[in-house]
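Morning, everyone. I have a few packing details to walk through, strands and then helices. Let's put the model up.

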Amino acid sequence: MWGGSDMSPPAAGCCHVTGFKVENWKQNLRAIYQCFVWSGSAETRKRKAKSCICHMCGAHLNRLHSCLYCVFFGCFTKKHIHEHAKTKRHNLAIDLLYGGIYCFMCQDYIYDKDMEQIAKEEQRKAWKLQAFTPTVVSHYQCTMTGIGEKYSTWEPTKRELELLRHNPKRRKITTNCTIGLRGLINLGNTCFMNCIVQALTHTPLLRDFFLSDRHKCEMQSPSSCLVCEMSTLFQEFYSGHRSPHIPYRLLHLVWTHARHLAGYEQQDAHEFLIAALDVLHRHCKGDDNGKKANNPNHCNCIIDQIFTGGLQSDVTCQVCHGVSTTIDPFWDISLDLPGSSTPFWPLSPGSDGSVVNGESHVSGTTTLTDCLRRFTRPEHLGSSAKIKCSGCHSYQESTKQLTMKKLPIVACFHLKRFEHSAKLRRKITTYVSFPLELDMTPFMASRYSLFAVVNHQGTLESGHYTSFIRQHKDQWFKCDDAIITKASIKDVLDSEGYLLFYHKQFLEYE
């Protein structure tokens, strides 16, 4: 069961395109698509190869963009197109590989119905010139010939059009729309699973992947595939049904593929998250489209595209100062808390009641940024943990420092509230302030938005998991198994926090 929802209308399109839409703008845009983006004929491909270089550094790659107001090519990676836009006040540019329109005022790729229609028409012309069809052309051929991805825009078949004509009822997004919100029945101490499922089903890119039917199952028995079950689960969540869903098939598959979680005992939500991502990753092998992976896990499945980051470990010898570096993949970052047996770093500047990085710094309050600073500070390993230095050829004391080499699209922070040691077993209830908008600039240049929080109430021996999920821009709901109620932003930020899910605000593709 669930409560009502207030949903803001979708934001208006980019207002800066009006300055471009002057006389002959359509012909000019078509010419750019024909000559420098899709390049359907051999002649245009040769022209693109010769002409499309950055006018500032001469590079062919680095995500070239063309100014829509004048003849200028600049690379996006080195910000040369940005410099041109700022100097000339030319606010729009087009990506010469994928055809997306970028607005430098909005600082994002934008959608405009008229421009999108021209892009589609010119792409279809390019496909015809190549004697390819969108359904058979390979990703390699598309990329190398400059006619875009193999995934064409969905258009209904004759059969689907017939069904739509006989079923005229349409689902409309209204101010009280709750589509995507659905409770989950507790099957016996399964709240740890339910709260993670709520977080995953409200992960934007994961939702888009499953609702666009992108999974291609390669398992002999699809009934044993966790990804197929997740696909069904997304359909259930976004079907519009209001009654709580019973996730018995999901639980059975988790027990089958992650034996250590089998049984009706209370489990750790964090442990379930990692196990679920691992099984999903293993069952997603057929979905990578043959593309080269750009993450430390060297896998291009949807799980690694969204959740995998790279953690760099630098170990420095205290004698010769030689540095040994390793980079390991991660799906989450586990952070120590004050009150644990591990010494904690002093609070960061701003603990006098000010606001730093969107976090409220009440005097004496620990913030998420404090925890991240402690995580990345140099640590002296001491005489009891000497390493063999390749430079000294002997065991020496060293310092170790962790840095975030690559941040994932979804950053999950695990606050280590459960302490297990030979002498101590307890829950750490220290309050940690975390922001709605997280600026990771002190660690890497990215901004993140909070979209889910998992909380644990109770003790180490017994307790209950709930979650907060963001449904729309500022609409938050509390998910307590089968019960879903509306929540305020204050409810979210005042909660204790066990797992924090943040999503990148701006996505860049290579």
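Start with the hairpin formed by β21 and β22, which has 4 residues between its strands. Keep in mind that this is a predicted model.

β21 covers residues 447-458, and β22 covers residues 463-470. The two run antiparallel, and 7 bridges join them. For a landmark, take A452: I469 in β22 stands opposite.

Now follow the chain out of β22. What joins β22 to β23? A hairpin again, this one through 5 residues. β23 is residues 476-480. β22 and β23 are antiparallel too, with 4 bridges joining them. Here the landmark is F468, whose bridge partner in β23 is K478. So β22 pairs with β21 and with β23, because at least two bridges are enough to call a pair.

On to the helices. Two pairs today.

The first is α1, residues 25-37, against α4, residues 113-129. Their axes are 10 Å apart, and the angle is about 40°. That is over the 35 degrees limit for roughly parallel, and therefore α1 and α4 count as oblique to each other. Which hand is the crossing of α1 and α4, left or right? Right-handed.

Who makes the contact? From α1, we have W25, K26, L29, R30, Y33 and Q34. From α4, we have D114, M115, I118, A119, E121, E122 and K125. Sort the contact of α1 with α4 by class, and you get 6 nonpolar residues, 6 charged and 1 polar.

The second pair is α7, residues 191-201, with α11, residues 269-283. The axes of α7 and α11 lie 9 Å apart, at an angle of about 55°. α7 and α11 are therefore oblique to each other. The crossing of α7 past α11 is right-handed.

Look at the residues in that contact. α7 brings F192, M193, C195, I196 and L200. α11 meets them with A269, F272, L273 and L277. How many are nonpolar, polar and charged where α7 meets α11? The count is 9 nonpolar, with no polar and no charged residues.

Put the two pairs side by side. The α1 and α4 contact includes 6 charged residues. The α7 and α11 contact has none. In crossing hand, α1 with α4 is right-handed, and α7 with α11 is right-handed.

That's the tour. Over to you for discussion.

Definitions and conventions: Residues are numbered from 1 along each chain as its sequence is written. This is a predicted model: local features need pLDDT of at least 70, side-chain atom pairs count only at pLDDT 80 or more; totals for chains, interfaces and linings use all residues. Side-chain values use heavy atoms; hydrogens and water are left out. Axes are lines fitted to C-alpha atoms, for helices over the stretch in contact, and angles run from 0 to 180 degrees between N-to-C directions. Angles under 35 degrees count as roughly parallel, over 145 as roughly antiparallel, 65 to 115 as roughly perpendicular and the rest as oblique. A crossing is left-handed if the near helix is turned anticlockwise from the far one by less than a right angle, and right-handed if clockwise. Contact means heavy atoms within 4.5 Å. Ala, Val, Leu, Ile, Met, Phe, Trp, Tyr, Cys and Pro count as nonpolar, Asp, Glu, Lys and Arg as charged, and the others, Gly among them, as polar.
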